[in-house]
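Work through the exercises below with the sequence and the coordinates open. Each task is followed by a solution in steps.

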Amino acid sequence: MTDTQLLQECEALAERLGIRVSRENLAGGPGGLCTFKGESRFILDYRLDVTSQIELFSREFGRLPIEDIYVVPKLRDQIDTYREVQI
C-alpha cells in the first residue's frame, strides 16, 4: 500500500466516523481533530506532505475509541503505534 493509498484510507475512516476533513492555511500549525459549531472536523494545514498528514490522522485516530471499526491492517498498525505512545 502506497502512502497516497494510506492517506485515502485515513480520509475514508474519517468519513465513516462522521468527521469532515478540510485543508486550510493554518500558518504553519499542522492541524488536528476538533469540534466546531457542534461538528467534528479534521483540519490539516494544506502544506503538509502526505507522510505528515498520515501521521497526524494516525495520532488523532489513536485518541478515539475505534477498536470495533474495521480499519485496513497497515493503518491499524500505524494508529496503534500512536495509541501506545499516548498511554
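Gln5 is partly exposed, with a relative accessible area of 39% (buried means under 20%, exposed over 50%, partly exposed in between, with a 1.4 Å probe and protein chains only). The model is predicted: local features need pLDDT of at least 70, side-chain atom pairs count only at pLDDT 80 or more, and totals for chains, interfaces and linings use all residues. Residues are numbered from 1 along each chain as its sequence is written, and side-chain values use heavy atoms, with hydrogens and water left out.

**Exercise 1. Place Gln5 and find which backbone nitrogen its side chain reaches.**

Step 1. Gln5 is in helix α1; helices (H or I, at least four residues) and strands (E, at least two) are DSSP runs, numbered from the N terminus.

Step 2. The side chain of Gln5 reaches the backbone nitrogen of Thr2 at 2.8 Å. This is a polar contact, defined as a pair of N or O atoms within 3.5 Å; within protein, one must be able to donate a hydrogen and the other to accept it, and residues adjacent in sequence count only if both atoms are side-chain atoms.

Step 3. Between Gln5 and Asp68, 63 residues apart along the chain, the C-alpha separation is 22 Å.

**Exercise 2. Determine whether Leu7 is buried or exposed, and list what it touches.**

Step 1. Leu7 also belongs to helix α1, which covers residues 3–16.

Step 2. Leu7 counts as buried because its relative accessibility is 10%.

Step 3. Not counting residues up to four places away in sequence, Leu7 touches Arg23, Val50, Gln53, Ile54 and Phe57; contact means heavy atoms within 4.5 Å.

**Exercise 3. Give the strand order of the sheet and describe how helix α2 packs on it.**

Step 1. The sheet is open, has 3 strands in the order β1-β3-β2, and its pairing is mixed. Two strands pair if DSSP finds at least two bridges between them.

Step 2. β1 (20–24) and β2 (31–36) are the edge strands, each pairing on one side only.

Step 3. On average, neighbouring strands of this sheet are turned by 30° against each other, direction ignored. Axes are lines fitted to C-alpha atoms, for helices over the stretch in contact, and angles run from 0 to 180 degrees between N-to-C directions.

Step 4. Helix α2 (residues 50–61) packs on the sheet and touches β1, β2 and β3; its direction makes about 150° with that of β3.

Step 5. Buried residues of α2 include Gln53, Ile54 and Phe57; these residues are also among the contacts of Leu7.

**Exercise 4. Analyse the hairpin of β2 and β3 and find which residue takes a positive phi.**

Step 1. β2 pairs with β3 (residues 39–45) in the antiparallel sense over 6 bridges.

Step 2. Across the pair, Gly32 stands opposite Ile43, and Thr35 stands opposite Ser40.

Step 3. The hairpin has 2 residues between the strands, and Lys37 takes a positive phi near 55°. Most residues other than glycine have a negative phi. Lys37 is not a glycine.

Step 4. Lys37 lies in the loop between β2 and β3 and counts as exposed, at 77% relative accessibility.

**Exercise 5. Compare the side-chain polar contacts of Asp45 and Asp49.**

Step 1. Asp45 is in strand β3 and is buried at 3% relative accessibility.

Step 2. A polar atom of the Asp45 side chain lies 2.8 Å from the backbone nitrogen of Arg47.

Step 3. Leaving aside neighbours within four places in sequence, Asp45 is in contact with Glu24, Asn25, Leu26, Ala27, Gly28, Gly29 and Pro30.

Step 4. Asp49 is in the loop between β3 and α2 and is partly exposed at 45% relative accessibility.

Step 5. Asp49 caps the N-terminal end of α2, with a side-chain oxygen 3.2 Å from the backbone nitrogen of Thr51. The Asp49 side chain also reaches the backbone nitrogen of Ser52, at 2.7 Å.

**Exercise 6. Why is there no bond between Cys10 and Cys34?**

Step 1. The structure holds 0 disulfides; a disulfide is a pair of cysteine sulfur atoms within 2.5 Å.

Step 2. The closest cysteine sulfur to that of Cys10 is in Cys34, 17 Å away, so the distance is too far for a bond.

Step 3. Cys10 is buried at 0% relative accessibility, whereas Cys34 is partly exposed at 30%.
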